[in-house]
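Student: I should like to go through this structure by asking how each label is justified. May we set each value against its criterion?

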Amino acid sequence: MNVEITFLPSGRSVMVRAGTTVLDAARKAGVPIRTRCDGKAACLMCKVALPHSSAGLTPPNDNERRKLAGLDRMGTRLACQTRVFGRAIVEVPEDPFRAAVRKQMMRQAEDDELW
């Protein structure tokens, strides 16, 4: 059975087999999610947010729950541990380096307006 997952803020959607991890679905959709451990829940870099609900996603297992230390109750999940079994929407946070560059460019643009 194939299911659809949508990634925000890009709005990209992809059809994947039920049971596919969010990380693998993101790769198929061309949505970058940072990771160093390649899906082994060791680096904790692949955090994603659930902006609406967790419908269509597996609940956190004990390992993920321990690693997230309560963040799962606020809608944060590890993309490498979360599996899709129905229609789902996931928000991918902005890469920290890109966010820093974007903020610096905004500051520069504001400074340029002053002169």
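Student: What confidence does the protein chain carry on average?

Tutor: This is a predicted model, and the protein chain averages a pLDDT of 90, with 97% of the residues scoring at least 70.

Student: Which elements have the lowest and the highest mean pLDDT?

Tutor: Helix α3 (residues 96-114) has the lowest mean, 75, and strand β2 (residues 12-17) the highest, 98. Where pLDDT is low, the predicted coordinates should not be read in detail.

Student: Why is Lys40 called exposed?

Tutor: The label exposed requires a relative accessible area over 50%. Lys40 has 60% relative accessibility, and therefore counts as exposed. Lys40 belongs to the loop between α1 (22-29) and β3 (47-49). Beyond residues up to four places away in sequence, Lys40 touches Cys80 and Gln81. Between the C-alpha atoms of Lys40 and Gly56 there are 22 Å, for a separation of 16 residues in sequence.

Student: Why is Ala41 called buried?

Tutor: Buried means under 20%. Ala41 has a relative accessibility of 1%, so the label buried applies. Ala41 is in the loop between α1 and β3.

Student: What makes the backbone of Ala41 notable?

Tutor: Ala41 is not a glycine, yet its phi is positive, at about 60°. Most residues other than glycine have a negative phi, and most peptide bonds are trans. Ala69 also has a positive phi, of about 50°, although Ala69 is not a glycine.

Student: Why is Ala69 assigned to its accessibility class?

Tutor: The cut-off for exposed is over 50%. With 66% relative accessibility, Ala69 is therefore exposed. Ala69 lies in the loop between α2 (62-68) and β4 (76-78).

Student: Which class does Asp72 fall into, buried or exposed?

Tutor: Asp72 has a relative accessible area of 15% and is therefore buried, the limit being under 20%. Asp72 is placed in the loop between α2 and β4. Apart from neighbours within four places in sequence, Asp72 is in contact with Pro60 and Arg65.

Student: Which peptide bond is cis, and how do you know?

Tutor: The bond from Leu8 to Pro9 has omega near 5° and is cis. Pro9 is found in the loop between β1 (2-8) and β2.

Student: Why is Cys43 not counted in a disulfide?

Tutor: A disulfide requires two cysteine sulfur atoms within 2.5 Å. The closest cysteine sulfur to that of Cys43 belongs to Cys37 and is 3.7 Å away, so the pair is too far apart for a bond. Cys80 is likewise in no disulfide, with the nearest cysteine sulfur, that of Cys46, 3.7 Å away. By this rule the count comes to 0 disulfides.

Student: Why do Cys43 and Cys80 carry the accessibility labels they do?

Tutor: Cys43 has a relative accessible area of 24% and is therefore partly exposed, a class lying between the 20% and 50% limits. Cys80 has 6% relative accessibility, so Cys80 counts as buried.

Student: What is the volume of the largest pocket, and which residues are closest to its centre?

Tutor: The largest pocket has a volume of about 460 Å³. The lining comprises 18 residues, of which Pro32, Val92, Pro93, Glu94 and Asp95 are closest to the centre of the pocket.

Student: How do the lining residues of the largest pocket divide by kind?

Tutor: The lining of the largest pocket holds 11 nonpolar, 1 polar and 6 charged residues.

Key: Residues are numbered from 1 along each chain as its sequence is written. This is a predicted model: local features need pLDDT of at least 70, side-chain atom pairs count only at pLDDT 80 or more; totals for chains, interfaces and linings use all residues. Side-chain values use heavy atoms; hydrogens and water are left out. pLDDT is the predictor's confidence in each residue, from 0 to 100. Helices (H or I, at least four residues) and strands (E, at least two) are DSSP runs, numbered from the N terminus. Buried means under 20% relative accessible area, exposed over 50%, partly exposed in between (1.4 Å probe, protein chains only). Contact means heavy atoms within 4.5 Å. On a 1 Å grid over the protein atoms alone, a cavity is a set of points where a 1.4 Å probe fits but cannot get out, and a pocket is an open set with protein on both sides within 12 Å along at least five of seven lines; lining residues have an atom within 4 Å of a point. Grid points are joined across faces, edges and corners, and a volume is the space filled by probe spheres set on the points. Ala, Val, Leu, Ile, Met, Phe, Trp, Tyr, Cys and Pro count as nonpolar, Asp, Glu, Lys and Arg as charged, and the others, Gly among them, as polar.
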